[in-house]
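Open the model in your viewer and keep the sequence panel visible. We will go stop by stop, selecting as we go.

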Amino acid sequence: MGAVSGGATSSKFPPVLRKRVAKYSMIRVALADDHAEMRVALRLLLSISKEIEIVCETSNGQEAVDCVKRLQPDILVMDIHMPVLGGFAATKQITDLSVPTRVILMSTDTGIFITMQAAVVGAQGFVPKDDVVKLLLPAIEAVHRGETFFVE
């Protein structure tokens, strides 16, 4: 699964073009978390996928909104608890921008209320931080395909 589907890098392209097609088919991801260690961990986790390119890292919600305005990544993975502008408020602002960026929120807080609030502000996914190692890649792939991915 992922960004390159339908054999986009198959033999129907000459060898010289396969690498170029794959590069432009990558899932462009921005990371937003106020803890530098968490951003490093997320970057390392996502680096195992050859279909994901990290295009931006931010440490607060306002920087995340600015990153989305400037770079329009495919996916923004963002913590709910952020300084300057919280994750819910930043997601609402991003939704109001009408950009193609889809948001996956994450938090140590869990439960139906958090999940519902994430959906209400326009997020396409929510992953508990306790499960981020096993669920973030599937969440990114699902949201990139246009699906939603919510975990209580």
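The stops below run from the whole chain to single residues.

**Whole chain**

Start with a cartoon view. This is a predicted model. Color by pLDDT: the chain has a mean of 88, and 84% of its residues reach 70 or more. Now select residues 1–11, where pLDDT stays under 50. The model has 21 contacts beyond four places in sequence for this stretch. Residues 18–23 also stay under 50, with eight such contacts.

Switch to coloring by secondary structure. Six helices and six strands appear. Follow them along the sequence and you read α-β-α-β-α-β-α-β-α-β-α-β. Of the 152 residues in the chain, 45% are buried. Among contacts with a separation of 6 or more, 63% join residues 24 or more positions apart. Add a surface: the chain exposes about 7700 Å², and carbon and sulfur atoms supply 56% of that area.

**The largest nonpolar core**

Select L76, M78, F88, I94, V103 and L105. These touch the most other members of the largest nonpolar core, which has 23 residues. At least two core residues come from each of strand 1 (27–32), helix 3 (61–71), strand 3 (75–79), helix 4 (87–96), strand 4 (102–107) and helix 5 (112–120). Helix 3 gives the most, with four residues.

Which residues does L105 touch, leaving out those up to four places away in sequence? Show its neighbors: M78, I80, G87, F88, T91, A118, A123, G125, F126 and V127.

Next, select I52, I75, I140 and V143. They are included in a second, separate core of 22 residues.

**A nonpolar patch outside**

Turn to the surface and pick I112, F113 and M116. Together they form a nonpolar patch with about 340 Å² of accessible area. F113 is in helix 5. Is F113 buried or exposed? Its relative accessibility is 59%, so F113 counts as exposed.

**Salt bridges**

The count of salt bridges comes to six. Show K129 and D33 as sticks. Their closest N and O atoms are 2.8 Å apart. K129 sits in the loop between strand 5 (125–128) and helix 6 (132–144), and D33 in the loop between strand 1 and helix 2 (36–46), so the pair ties together parts that are 96 residues apart in sequence. Both K129 and D33 are buried. Add D79 to the selection: D33, D79 and K129 are linked in a network of salt bridges.

Move on to E57 and R39, which meet in a salt bridge at 3.9 Å, N to O. E57 is in strand 2 (residues 52–58) and R39 in helix 2, 18 residues apart. E57 is partly exposed, at 31% relative accessible area. R39 counts as buried, at 14%.

Now zoom to D96 and K92, whose side chains meet at 3.0 Å, N to O. Both are in helix 4, four residues apart, so about one helical turn separates them. D96 counts as exposed at 53% relative accessibility, and K92 as partly exposed at 40%.

**Two positive phi angles**

Finish in the loops. Select V84, between strand 3 and helix 4. Its phi is near 70 degrees, a positive value in a residue other than glycine. V84 is exposed, with a relative accessible area of 71%.

Then select S98, in the loop between helix 4 and strand 4. S98 is not a glycine, yet its phi is positive, about 60 degrees. S98 counts as exposed at 67% relative accessibility.

Technical notes. Residues are numbered from 1 along each chain as its sequence is written. This is a predicted model: local features need pLDDT of at least 70, side-chain atom pairs count only at pLDDT 80 or more; totals for chains, interfaces and linings use all residues. Side-chain values use heavy atoms; hydrogens and water are left out. A nonpolar core is a set of buried Ala, Val, Leu, Ile, Met, Phe, Trp, Tyr and Cys residues joined through side-chain atoms within 4.5 Å. Buried means under 20% relative accessible area, exposed over 50%, partly exposed in between (1.4 Å probe, protein chains only). Contact means heavy atoms within 4.5 Å. Patches are made of residues with over 30% relative accessible area and no salt bridge: like charges are joined within 9 Å, nonpolar side chains (Val, Leu, Ile, Met, Phe, Trp, Tyr) within 5 Å. Accessible areas come from the Shrake-Rupley method with a 1.4 Å probe; for residues, only the protein chains shown count as cover. A salt bridge is a side-chain nitrogen of Lys or Arg within 4 Å of a carboxyl oxygen of Asp or Glu. pLDDT is the predictor's confidence in each residue, from 0 to 100.
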